[in-house]
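Colleague: I'm new to this one. Could you walk me through how to read it?

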Number of protein chains: 2
Amino acid sequence: MAETIVMKFGGSSVADAQRIKAAAARIADRRKAGDRVVAVLSARGDTTDELLQMAAEVSESPDPREMDMLLSTGERISCALAAMAIRDLGYDAISLTGSQAGIVTDTSHTRARILDVRADRITEALDAGQVVLVAGFQGVSTEKDVTTLGRGGSDTTAVAVAAALGASVCEIYTDVAGVFSADPRIVPDAKKLGTVSFEEMLEMASSGAKVLQLRSVEYARTHGVRIHCRSSFDPGDGTIVVNEEENVEHPLITAVTHSTEEARVTLSGVPDTPGVAGAVFGALADAGVNVDMIIQNEPTEDDKAADMSFTVATEDLRDARAALDGLMEAQGIQSIAWDEQMGKVSVVGAGMRSNPGVAATVFRTLGEQGINIEMISTSPIKISCVVSADRVADAVRALHAAFDLGDDEDGAQTPHGAAR
Amino acid sequence: MAETIVMKFGGSSVADAQRIKAAAARIADRRKAGDRVVAVLSARGDTTDELLQMAAEVSESPDPREMDMLLSTGERISCALAAMAIRDLGYDAISLTGSQAGIVTDTSHTRARILDVRADRITEALDAGQVVLVAGFQGVSTEKDVTTLGRGGSDTTAVAVAAALGASVCEIYTDVAGVFSADPRIVPDAKKLGTVSFEEMLEMASSGAKVLQLRSVEYARTHGVRIHCRSSFDPGDGTIVVNEEENVEHPLITAVTHSTEEARVTLSGVPDTPGVAGAVFGALADAGVNVDMIIQNEPTEDDKAADMSFTVATEDLRDARAALDGLMEAQGIQSIAWDEQMGKVSVVGAGMRSNPGVAATVFRTLGEQGINIEMISTSPIKISCVVSADRVADAVRALHAAFDLGDDEDGAQTPHGAAR
């Protein structure tokens, strides 16, 4: 029985005719090898930008339903072009819209959630020997309207289709070779990881690693889909995301991730009365602002008022300020301060669970570099430190070296040698 | 009970943000007046050209099904943008793809025929007070694939939707003010016609008038849809296409039409045996070449061979040559000749039925101008003459004057004075 595989190509992999032909050749090769092949494509980056520009020209606040109708054309264009190119290579191919592919979503336009994948039409086409191109990022709502899935939507489409088909693997093609032990632009000897666990990948995606979207990893873990992150331009293996039990060797630390797009908000003189924190974070949630770390100091004895700090993504800062401005007086909060120049560095590793010494190593290493830790948060397999944005690169390099993650050495910390 | 109207805007009427907003304002005005409004839109001209270019870059012979998937995105973009703009004007609006609008077609990709219009969703939206934007030129096949309707497809969509809804009128908006008694670029005093009959409009569309596509007029006649051709940029009335019995005054001649894109093919020494003509015109039909006029001379007594001439559109000449090249020897045809410099001038008028003197006037008028008539064809309401392409403009002017069709005079030939 032939294997079923899902291949997902992002916007940069279908950016022009030449790249579409290259992706088509790669897809055709897998078909030639005898696999049943579904490819999920994103819109060409230019196409999406042009469509957004058109919408901005005709309307100040485009209707979400119509925005979805507009934007969903981009992936259809990519898929139709790729199907033409694959046919020219001698293989039967068919493009399907999200709706035709059976991607059923809720009715939340521009950020719909997938409810079901009714893959009958994909299966029929595969049974007929066709390569199936599926338009990523989109579906059809229970109201029969075109929807889009929001950020990371095409990755999620690919994983959802792979889950529905019981595919042996979902390959995510991007312009990087896989998941690295740190960003190679900051750490030249960062090594490509052969495998990471879902749990590690989730922590990495939420702490700055951009190779996979958090949402698609969550979907893959829930549905047991094997993900292979690899390069569109390089035939070598990339990084496989697997269940933890498959990851035979548990390194103490798998990777160091970072972000320089963090902002810290500090509220001073917050009344120590029930409901104030609820009002603050409720207002932020209503404004769509995702709060990362939160610290609250002990209220002082005399005035029963506390200080509270939290971090948000820099891009959300404007919305956060708007949400809080209307709240200060009503809640009796004395003052508010902002710091946009913050960053975050995190160490992630499933082996951390059974080794309590990691936090001490992190703090000592950053201390030796003279890097001040402003805030700390932890999970069973992650330690994150908020530091000044201009020291993030130093922190990443120091931690990568301290945990011996580099490609130059072959110690206990590099079991993922398959990536080399 | 509010009236239901269908408004159709072509590519030049939605070519950029400003024109989309202008069309949106025009549509919103009709909604404001209390009508139930459906608008059918074409793709922006640039969009279609860009999509065709993309297809040419990835494939030498793009698959028709995928071509339809690709091209159908253009009208969806127009409709989504127009819906956004109408909402900004304060009216609820919804865009529907051909499939969502219930335009069911056969499976002939790139030139599908409409089989049925299942307008439930349009009706529901109208009942809810929404303006409905329908993507023209496209439908969904009985195999659930996206199809396109080929040339003139958006006009046909509009007429088909109008028929399904029992709309009181189907308004076709273009960049000309209506149907004229001749092309105003050739005849400065050509007058805009207040009404024309379906029969006249069909003859005019098939003999060079470009304002309406033949196919949509046929559909409108069959289903009794009233068409109003009018300007996108001018609020005045245009031309209404009506049943002949509604057209109270029958002018002898309604309009002079012309074409300079005619080619004549002459086959010499065609054996006078059964089946030869069938082979010739069968091969042309298989190649998709539409043959207009045909003349066959009497076979000569001695060799039983005849001469045969026919005309085709210049754009089809290449296909015609290819189809005939393989046929000459097998059918025993002696020689073939081509003339690409031909044109056609036609006079059309429902009043011709009861007045046998028209042909004589046509021939005398052209003779006085020294214009040689190469071929003639007639219908009960039309006389067409093939002439040299470089004399077409002279012929149009002379016939327009001979039948007194101009706007300057007020004789028996100008009952359509309402257009002035």
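Modeller: Sure, we'll go through the two copies, their contact, some helix packing and then the strands. Keep in mind that this is a predicted model.

Colleague: Let's start with the two chains. What turn and shift lay chain A on chain B?

Modeller: A turn of 180 degrees with a shift of 0.1 Å along the axis does it, and the RMSD is 0.2 Å. That is the relation of a two-fold axis. If you want to find the axis in the picture, look for Thr73(A): of the residues of chain A, its C-alpha comes closest to the rotation axis, at 2.7 Å.

Colleague: And how many residues does each chain put into the contact?

Modeller: Chain A gives 27 residues and chain B gives 27 residues. On the chain A side, α1 (17-32), α2 (45-58), α3 (64-71) and α4 (73-88) each supply at least two residues. The most come from α4(A), with 10 residues. By class, the chain A side divides into 14 nonpolar, four polar and nine charged residues.

Colleague: Which surface does each copy use, the same one or a different one?

Modeller: The same surface serves both copies, as 100% of the contact residues of chain A recur in chain B.

Colleague: Now the helices. How are two packed helices described?

Modeller: By the angle between their axes and the distance between the axes. Take a pair that spans the two chains: α1(A) and helix α2 (residues 45-58) of chain B pack at about 50 degrees, with axes 9 Å apart. They are therefore oblique to each other, and their crossing is right-handed.

Colleague: Which residues meet there?

Modeller: Ala17(A), Ile20(A) and Lys21(A) in α1(A) meet Met54(B), Glu57(B) and Val58(B) in α2(B). That contact has four nonpolar, no polar and two charged residues.

Colleague: What about a pair inside one chain?

Modeller: Look at chain B, where helix α1 (residues 17-32) packs with helix α4 (residues 73-88) at an angle of about 60 degrees, the axes being 9 Å apart. That makes α1(B) oblique to α4(B). Here too you'll see a right-handed crossing. Ile20(B), Lys21(B), Ala23(B), Ala24(B), Ile27(B) and Ala28(B) in α1(B) face up to Leu81(B), Ala82(B), Ala85(B) and Ile86(B) in α4(B), meeting them in the contact. By class, that's nine nonpolar, no polar and one charged residues.

Colleague: On to strands. In what order do they sit in the open sheet of eight strands?

Modeller: In chain B the order is β3-β6-β2-β1-β9-β11-β12-β10, and the pairing is mixed. β3 (93-96) and β10 (195-197) stand at the edges with a single partner strand each, so one side of each has no neighbour in the sheet. From one strand to the next the twist averages 20 degrees. Helix α7 (residues 198-206) of chain B packs on this sheet and touches β10 and β12, its direction making about 85 degrees with that of β10(B).

Colleague: Can you show me one pairing in that sheet?

Modeller: Try β11 (residues 227-231) and β12 (residues 239-242) of chain B: they run antiparallel and are joined by three bridges. His228(B) stands opposite Ile240(B).

Colleague: And which strands pair with β13(B)?

Modeller: Strand β13 (residues 255-271) of chain B pairs with β16 (residues 335-348) in the antiparallel sense over 11 bridges, and Val265(B) has Trp338(B) as its bridge partner. β13(B) also pairs with β15 (residues 305-313), again antiparallel, over eight bridges. There, Arg264(B) is partnered by Thr311(B).

Technical notes. Residues numbered from 1 in each chain as written. Chains lettered and ligands numbered in written order. Predicted model: local features only at pLDDT ≥ 70, side-chain atom pairs only at ≥ 80, totals over all residues. Axes fitted to C-alpha atoms, helices over the stretch in contact; angles between N-to-C directions. Helix = DSSP H or I, 4+ residues; strand = E, 2+ residues; numbered from the N terminus. Parallel < 35°, antiparallel > 145°, perpendicular 65-115°, else oblique. Left-handed = near helix turned anticlockwise from the far one by under 90°. Contact = placed C-beta atoms within 7 Å. Nonpolar A, V, L, I, M, F, W, Y, C, P; charged D, E, K, R; others polar. Pairing = 2+ DSSP bridges. Least-squares fit on C-alpha atoms with pLDDT ≥ 70 in both.
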